[in-house]
Amino acid sequence: MFPLPSSLQGTLVFTMLSFMLSRSFCQVVAEVNRSSYTTFGYVLRAFTTSSPTFGDASENASVATYSQLKTMLSSGNVQLFDVRNPDEYQAGRISDSVNIPLGSLEESLKLSSEQFQQTFDMRPPGKDDDNIVFHCNSGSRSSKALDIARRLGFSRSRHYKGGYSEWAELEGN
C-alpha cells in the first residue's frame with residue numbers, strides 16, 4: 001500500500017463518514033416511514049405547523065374521530081366543511097356540513113367576513129376556532145384541506161379522516 005498525503009487522508013475520512021451518516025439517516029427515515037406514520041409528511045408537519053401550544057400538532061391533534069364529530073354535531077359546536085365535489089355532496093352528506101370543494105377552499109378561506117357570510121350563509125371561521133373540521137370521502141382531500149387551512153393560519157383546525165364513507169357506514173346510510 002502507498003502512503004497518502006495528510007490532506008487527502010482527511011478528505012477521504014470525511015467522505016467516508018459523510019456517506020455512512022447519510023446512508024444511516026436514509027435508513028432511519030425509511031424505517032419511520034414504514035412503521036408508525038402513513039407518510040413522513042406527518043413528522044414534518046409536527047415540526048412546521050403552528051399550533052396553539054408547543055407539541056400539539058401531532059397527527060392525533062389534527063384528526064377528528066367519528067365519535068368526536070358526532071358529539072360536536074349533537075352539541076352544535078362544529079364548523080364542518082365538506083371538501084368533496086358538489087355532485088358527491090348532493091349524493092349524500094353529513095348534516096350541517098357546508099360544501100366548499102377542495103379546489104376553491106383556499107380562495108374561500110381568504111374571503112372577507114361579509115363575502116364568506118353571503119356566499120356560504122354562515123359566519124366565517126376564525127383563525128383561533130377549535131371547532132373547524134374538514135371532511136371528504138376517505139380522508140385524502142380533507143388532509144390536503146387541513147394543510148391549506150393550517151398554512152392560512154387556522155392552526156387548530158382538524159379533519160375527519162374516516163370521511164363520508166366511514167360516516168355513512170357507521171350511520172347505516
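In this predicted model, strand β2, which spans residues 79-82, pairs with β3 in the parallel sense over 2 bridges. The two strands belong to an open sheet of 5 strands, ordered β1-β5-β4-β2-β3 and paired in parallel throughout. The points below follow that sheet from its edges to β4, then turn to helix α6 and its neighbours, and end with two loop residues that have positive phi.

**The sheet and the helix that packs on it**

- The edge strands of the sheet are β1 (63-64) and β3 (98-99), each of which pairs on one side only.
- Helix α4, residues 66-75, packs on this sheet and touches β1, β2, β4 and β5 (158-160), while its direction makes about 105° with that of β5.
- In the pairing of β2 with β3, phenylalanine 81 stands opposite valine 98, the latter being a residue of β3.
- Strands of a sheet are held in pairs through backbone hydrogen bonds, and such pairing can be either parallel or antiparallel.

**Strand β4 and its two partners**

- Strand β2 is joined to β4 by 4 bridges, and the two strands run parallel; within β4, histidine 135 is the residue that aspartate 82 stands opposite.
- Strand β4 also pairs with β5 in the parallel sense, here over 2 bridges, and the bridge partner of valine 133 in β5 is arginine 158.
- In a regular strand, side chains alternate between the two faces of the sheet.
- Both faces of β4 are covered, with Ile132 and Phe134 buried on one side and Val133 and His135 buried on the other.

**Helix α6: a buried side and an exposed side**

- Helix α6 covers residues 102-109, and its buried residues are Leu102, Leu105, Ser108 and Leu109.
- These buried residues lie on the same side of α6, because they cover an arc of only 95° around the axis.
- An α-helix has 3.6 residues a turn, so residues three or four places apart point the same way.
- Gly103 and Glu107, by contrast, are exposed on the other side of α6.
- The elements that cover the buried residues of α6 include α7 (113-120), β4 (132-135) and α8 (140-151).

**How α6 packs against α8**

- The angle at which α6 and α8 pack is about 20°, and their axes are 10 Å apart; angles under 35 degrees count as roughly parallel, so α6 is roughly parallel to α8.
- The crossing in which α6 passes α8 is right-handed.
- On the α6 side of this contact are Leu102, Leu105, Glu106 and Leu109, which meet Arg141, Lys144, Ala145, Ile148, Ala149 and Arg151 of α8.
- Leu102, Leu105 and Leu109 are thus among the residues of α6 that meet α8, and they are also among the buried residues of α6.

**Two loop residues with positive phi**

- Aspartate 96 has a positive phi of about 70°, although it is not a glycine, and this residue is found in the loop between α5 (86-91) and β3.
- The relative accessibility of aspartate 96 is 60%, and the cut-off for exposed is over 50%, so aspartate 96 counts as exposed.
- Aspartate 121, likewise a residue other than glycine, has a positive phi near 55° and lies in the loop between α7 and β4.
- Aspartate 121 counts as exposed because its relative accessibility is 67%.

Notes:
Residues are numbered from 1 along each chain as its sequence is written. This is a predicted model: local features need pLDDT of at least 70, side-chain atom pairs count only at pLDDT 80 or more; totals for chains, interfaces and linings use all residues. Side-chain values use heavy atoms; hydrogens and water are left out. Buried means under 20% relative accessible area, exposed over 50%, partly exposed in between (1.4 Å probe, protein chains only). The arc is that of the directions from the helix axis to the C-beta atoms. Contact means heavy atoms within 4.5 Å. Two strands pair if DSSP finds at least two bridges between them. Axes are lines fitted to C-alpha atoms, for helices over the stretch in contact, and angles run from 0 to 180 degrees between N-to-C directions. Angles under 35 degrees count as roughly parallel, over 145 as roughly antiparallel, 65 to 115 as roughly perpendicular and the rest as oblique. A crossing is left-handed if the near helix is turned anticlockwise from the far one by less than a right angle, and right-handed if clockwise.
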